[in-house]
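Reader: I should be grateful for a close look at one part of this structure, the surroundings of the bound ligand. Please then set that part beside the aromatic contacts and the loops and helices elsewhere in the chain.

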Amino acid sequence: MSNLKQKLHEKINEHRPRTLKLMKEFGDVVVDEATISKIIGGMRGLKCLVTDISYLDPQEGIRYRGYTLPEVFEQLPRPEGGEIPYVEGLFYLLLTGEIPTAEEVEEVIDEFRKRSILPLYVYEVIDAFPSNSPPMAIFSAAILALSRESLFNKQYHAGIPKQDYWDPTYEDALNLLAKLPEIGSYIYAKLYRDGQRIKQNTDLDMGGNFAHMMGQDAPYDDVSRMYFILHADHESGNVSAHTGHLVASSLSDIYLSISAMINGLAGPLHGLANQEVLRWLQDLRNKMDGKVPSEEEMKQFVWDTLNSGQVIPGFGHAVLRKTDPRYSVQREFALKHIKQDELFQYVDMLYKVVPPILKEHGHAKNPWPNVDAHSGVIQWHYGITEYDFYTVLFGIGRAIGITANIIWDRALLYPLERPKSLTTEMLENIVMKAGKGA
Ligand code: CMX
């Protein structure tokens with residue numbers, strides 16, 4: 001058994017009694033109230049999920065296993081001469097709650113390498129799509145096709161006991177994560193490089209290998225690592241995380257679950273916003289004939305967007321009430337590496353002009369930028385200008401957090417998710433009974 005799997009096994013055994021005790025002894029303690037506005041309003045803020053992988057504080061932003069993003073970037077082992085840590089180290093942290101040593105990360109990198117070969121039929125599935133298909137649809141289908149490889153399915157049908165479900169789920173998760181850079185870069189080659197694929201270099205780590213397959217030199221390897229780490233997890237209530245958890249709760253395998261979470265991520269109110277930002281900025285750029293707009297012109301563009309009934313992509317958040325620290329990490333990187341980039345200047349100006357406008361507009365609860373406001377511009381700078389592809393990058397990163405969550409869901413024997421629904425009339429009757437109806 002690998003060091004990571006052994007460590008995970010120990011952590012699971014330590015953790016199980018805590019969950020069991022909460023359920024058995026304190027199962028009826030009230031945590032939150034399901035008000036009508038929470039029920040109709042997309043369950044905003046309703047505390048009804050549990051995960052130890054990450055926690056999102058509205059003011060502070062995300063913590064992975066208790067570590068803030070600056071701490072994660074500071075403390076995880078990184079490649080020699082590199083600025084950004086190994087993605088594989090983050091996976092170790094998310095699974096075990098411990099910062100790995102350099103040797104422990106090297107072992108995970110090796111595990112990924114051994115599992116990275118993609119079966120031929122997956123290339124064929126990707127090739128079968130018309131070349132004007134949305135990249136996220138292809139990505140989801142390629143992952144879905146891999147379901148035939150699932151060890152969980154084989155062992156489930158062979159009668160494995162519940163307590164051991166996490167084990168083949170872990171194997172499936174590593175097998176899938178190791179293949180995602182190849183799937184993503186192959187989709188990119190098919191759609192935008194006439195199928196001219198660059199074969200993987202198994203001497204490299206996940207981020208380095210992805211950059212290599214995308215045909216990009218340094219520091220794009222660090223950009224990839226940064227992207228995958230920043231997008232990995234955002235606690236459990238967001239659409240992609242919740243979808244992954246929900247589908248996995250029926251004991252669907254990792255491939256079915258991650259394919260489903262990718263479909264949720266593909267929506268414009270979620271992950272697609274990162275490419276929407278670029279589309280929106282290109283629209284402005286075209287209007288400006290390539291000239292950097294003045295602050296006044298930028299304000300007008302923002303108002304025009306709002307007045308036409310559209311949202312400002314990359315701004316606002318369902319939970320956060322401050323600038324997203326994932327935005328701040330990217331801004332720091334951009335200030336260091338691409339400060340003179342024309343589009344970065346647009347983004348920099350948006351940071352100044354959008355929040356006061358959204359406040360004046362008076363709708364959004366959070367006027368500050370989220371992760372998606374910055375992601376596309378860095379990709380664009382390094383030559384990945386096909387912005388329809390950006391959400392695939394988000395998806396590769398997000399799979400790291402969701403697979404870690406699903407492994408723990410299985411380890412802690414979380415049951416099938418099955419909330420109860422009511423009719424509108426029932427809600428009206430509840431209001432009447434509360435003495436509030438007319
Ligand atoms: N521009 C304009 N209006 C906005 C807005 C924005 N960026 N953000 C929120 N609003 C509006 C909402 O549309 C809503 O309008 P109505 O009252 O007319 O329906 C109102 O403000 C209240 O919304 P909210 O409670 O502040 O935000 P929600 O929790 O409903 O939605 C989010 C959150 C992210 C979907 C929303 O802020 C948004 O649409 N942002 C732009 C898209 C985006 O950047 N999405 C990416 C989020 C991060 C991610 O998951 O990747």
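Author: The account below begins with the ligand and then turns to the aromatic rings, the loops and the helices. The model is a predicted one, and every value given here is computed from it.

The ligand has 21 residues around it, and those that come nearest are His270, Gly314, Phe315, Lys365 and Asp372. Sorted by class, this shell holds 11 nonpolar, seven polar and three charged residues. Polar atoms of the protein approach the ligand at several places. At Asp372 the approach is made by the side chain, where an N or O atom is 2.6 Å from an oxygen atom of the ligand. At Ile312 a polar backbone atom takes this part, 2.9 Å from a nitrogen atom of the ligand. Ala364 likewise contributes a backbone N or O atom, which lies 3.2 Å from an oxygen atom of the ligand. As for cover, the ligand on its own has 890 Å² of accessible area, and the protein covers 75% of this. Asp372 thus appears twice in this description, once among the residues that come nearest to the ligand and once through its side-chain contact with a ligand oxygen atom.

The aromatic rings may be taken next. Over the whole structure, a search finds 13 aromatic pairs. One of them joins Trp380 and Tyr387, and this pair is stacked because the planes of the rings stand at 25 degrees, with the centres 6.5 Å apart. For stacking, the planes must be under 30 degrees apart. In general, a pair of aromatic rings is described by the distance of the centres and the angle of the planes. Trp380 has a relative accessibility of 19% and therefore counts as buried. Tyr387 also counts as buried, with a relative accessibility of 19%. The cut-off that applies to both is that buried means under 20% relative accessible area.

Elsewhere, ring pairs connect Phe152, Tyr156 and Tyr165 in a cluster. Phe152 has a further partner in Arg410, whose charged end sits over the Phe152 ring at 4.4 Å from the ring centre.

Several loops carry backbone features that merit attention. In the loop between helix 11 (206–213) and helix 12 (220–230) one finds Pro219, and the peptide bond that leads from Ala218 to Pro219 is cis, with omega near 5 degrees. The loop between helix 12 and helix 13 (239–248) contains Glu235. Glu235 is a residue other than glycine with a positive phi, near 50 degrees. Leu413, too, has a positive phi without being glycine, and its value is near 55 degrees. Its place is in the loop between helix 20 (390–411) and helix 21 (424–433). With a relative accessible area of 38%, Leu413 is partly exposed.

The loop between helix 3 (69–75) and helix 4 (87–96) holds Leu76, which is buried at a relative accessible area of 2%. From Leu76 to Glu98 there are 22 residues along the chain, and the C-alpha atoms of the two are separated by 9.8 Å. Pro70, in contrast, is found in helix 3 and is exposed, with a relative accessible area of 56%. Between Pro70 and Pro134 the C-alpha atoms are 34 Å apart in space, for 64 residues in sequence.

Helix 13 supplies a further contrast. Val239 lies in this helix and counts as partly exposed at 47% relative accessibility. Ala248 also has its place in helix 13, yet Ala248 is buried, with a relative accessible area of 4%. Which distances in space go with their separations along the chain? The C-alpha atoms of Val239 and Glu425 are separated by 27 Å, with their positions 186 residues apart along the chain. Ala248 and Leu416 are 168 residues apart in sequence, and their C-alpha atoms are 8.4 Å apart in space.

Methods: Residues numbered from 1 in each chain as written. Predicted model: local features only at pLDDT ≥ 70, side-chain atom pairs only at ≥ 80, totals over all residues. Heavy atoms only, no water. Phe/Tyr/Trp six-rings, centres within 6.5 Å; stacked < 30°, edge-to-face > 60°. Buried < 20%, exposed > 50% of the residue type's maximum accessible area, 1.4 Å probe, protein only. Lys NZ or Arg CZ within 6 Å of the ring centre and 35° of its normal. Near = heavy atom within 4 Å. Polar contact = N/O pair within 3.5 Å; in protein donor to acceptor, adjacent residues only side chain to side chain. Areas by Shrake-Rupley, 256 points an atom, 1.4 Å probe, with all protein chains shown as cover. Nonpolar A, V, L, I, M, F, W, Y, C, P; charged D, E, K, R; others polar. Helix = DSSP H or I, 4+ residues; strand = E, 2+ residues; numbered from the N terminus.
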